[in-house]
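Dear colleague,

Please find below the structure that I am handing over to you. My notes on what was found in it follow directly after.

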Amino acid sequence: MNKEFLRMQQLAGLITEGEYKHNIEEEETQDPEALKDAEAGLKAALNTLKAGVNTIKPSPQDKELKESVALTVGLIAGAPGLLSLLGRAVNGVSSLFQKDGKEGTVVGNALKKWGHALEESYLGIIGAILVKAFPTAYEGQDVHDKTTPLYDAAHTIYAGILAAAAVTSGMGALEAHNIIATGLEGGLAAFKSAEVVDLAKKITSA
């Protein structure tokens with residue numbers, strides 16, 4: 001997307017002046033190598049999660065989640081093998097940025113772009129992992145149904161994975177969340193910032 005195209009969108013009334021300036025700033029902070037790292041890393045991390053689905057065992061807190069409805073960071077941490085699997089996936093992403101010396105905003109923008117592109121694929125596999133960890137709580141739910149607790153939980157974990165990858169590449173957790181969440185379904189309004197930030201910090205220390 002180049003400046004001329006963005007300017008035409010603004011003149012046509014398709015985007016506001018503020019959106020035009022934001023998109024220009026974002027365009028200028030895109031780094032081709034960081035974008036390649038984000039694509040390769042996130043695709044590899046997705047494979048890591050796929051391979052790890054069958055290693056996840058039902059959480060002893062499954063019934064507790066069914067009663068409370070909302071998945072908390074504490075419940076994620078208490079699910080056998082879940083946090084360590086998320087940590088392995090994140091390490092596969094951040095290692096590429098570290099190898100190429102990429103950090104800060106260019107990493108956040110690259111993860112935002114590819115995070116959006118791979119969102120549906122990630123939600124599917126994260127949903128399968130959550131059903132393994134909390135079979136009673138998420139029984140019969142479709143992760144792609146936005147009205148279900150399973151969708152909300154998978155969405156939050158995905159944002160946490162992306163934010164954690166940015167944090168391990170030198171970004172602050174809240175800054176990482178604010179950049180990345182704007183590229184995901186529902187934007188910033190769809191997430192509770194504190195939960196995503198807390199989860200990102202847990203994953204990076206897993």
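Helices α6 and α11 are roughly perpendicular to each other in this predicted model, because their axes meet at an angle of about 80° and angles of 65 to 115 degrees count as roughly perpendicular, under 35 as roughly parallel, over 145 as roughly antiparallel and the rest as oblique. Helix α6 covers residues 82-99 and helix α11 residues 193-204, with the two axes 8 Å apart. The contact is formed by Leu83, Leu86, Gly87 and Val90 from α6, and by Leu199, Lys202 and Ile203 from α11; contact means heavy atoms within 4.5 Å. By class, five of these residues are nonpolar, one is polar and one is charged. Ala, Val, Leu, Ile, Met, Phe, Trp, Tyr, Cys and Pro count as nonpolar, Asp, Glu, Lys and Arg as charged, and the others, Gly among them, as polar. The axes are lines fitted to C-alpha atoms, for helices over the stretch in contact, and the angles run from 0 to 180 degrees between N-to-C directions.

Helix α6 also packs against helix α3 (residues 32-52). Their axes come within 8 Å and cross at roughly 160°, which makes α3 roughly antiparallel to α6. The crossing is right-handed, meaning that the near helix is turned clockwise from the far one by less than a right angle (anticlockwise would be left-handed). On the α3 side the contact includes Ala38, Leu42, Ala45, Leu49 and Gly52, and on the α6 side it includes Leu86, Ala89, Val93 and Phe97. By class, the contact of α3 with α6 has twelve nonpolar, four polar and two charged residues.

Three residues of α3 may be of use when you inspect the model.

- Lys36 lies in α3 and is exposed, with a relative accessibility of 61%. Buried means under 20% relative accessible area, exposed over 50%, and partly exposed in between (1.4 Å probe, protein chains only). The C-alpha atoms of Lys36 and Phe97 are separated by 9.6 Å, although their positions lie 61 residues apart along the chain as a sequence separation.
- Leu35, also placed in α3, is buried at 18% relative accessible area. Outside its neighbours within four places in sequence, Leu35 touches Gln30, Ala110, Lys113 and Trp114.
- Gly52 of α3 is buried at 3% relative accessibility. Gly52 and Leu86 are 34 residues apart in sequence, with 9.4 Å from C-alpha to C-alpha.

Helix α10 (residues 173-181) has Ala173, Ala176, His177, Ile179, Ile180 and Ala181 as its buried residues. Their cover includes α7 (105-117), α9 (149-167) and α11.

For the chain as a whole, the secondary structure comes to eleven helices and zero strands; helices (H or I, at least four residues) and strands (E, at least two) are DSSP runs numbered from the N terminus. Of the 206 residues, 47% count as buried. Among contacts with a separation of 6 or more, 71% are between residues 24 or more positions apart. The accessible surface is about 9800 Å², of which 53% belongs to carbon and sulfur atoms, computed by the Shrake-Rupley method with a 1.4 Å probe.

Residues are numbered from 1 along each chain as its sequence is written, and side-chain values use heavy atoms, with hydrogens and water left out. As the model is predicted, local features need pLDDT of at least 70 and side-chain atom pairs count only at pLDDT 80 or more, while totals for chains, interfaces and linings use all residues.

Yours sincerely
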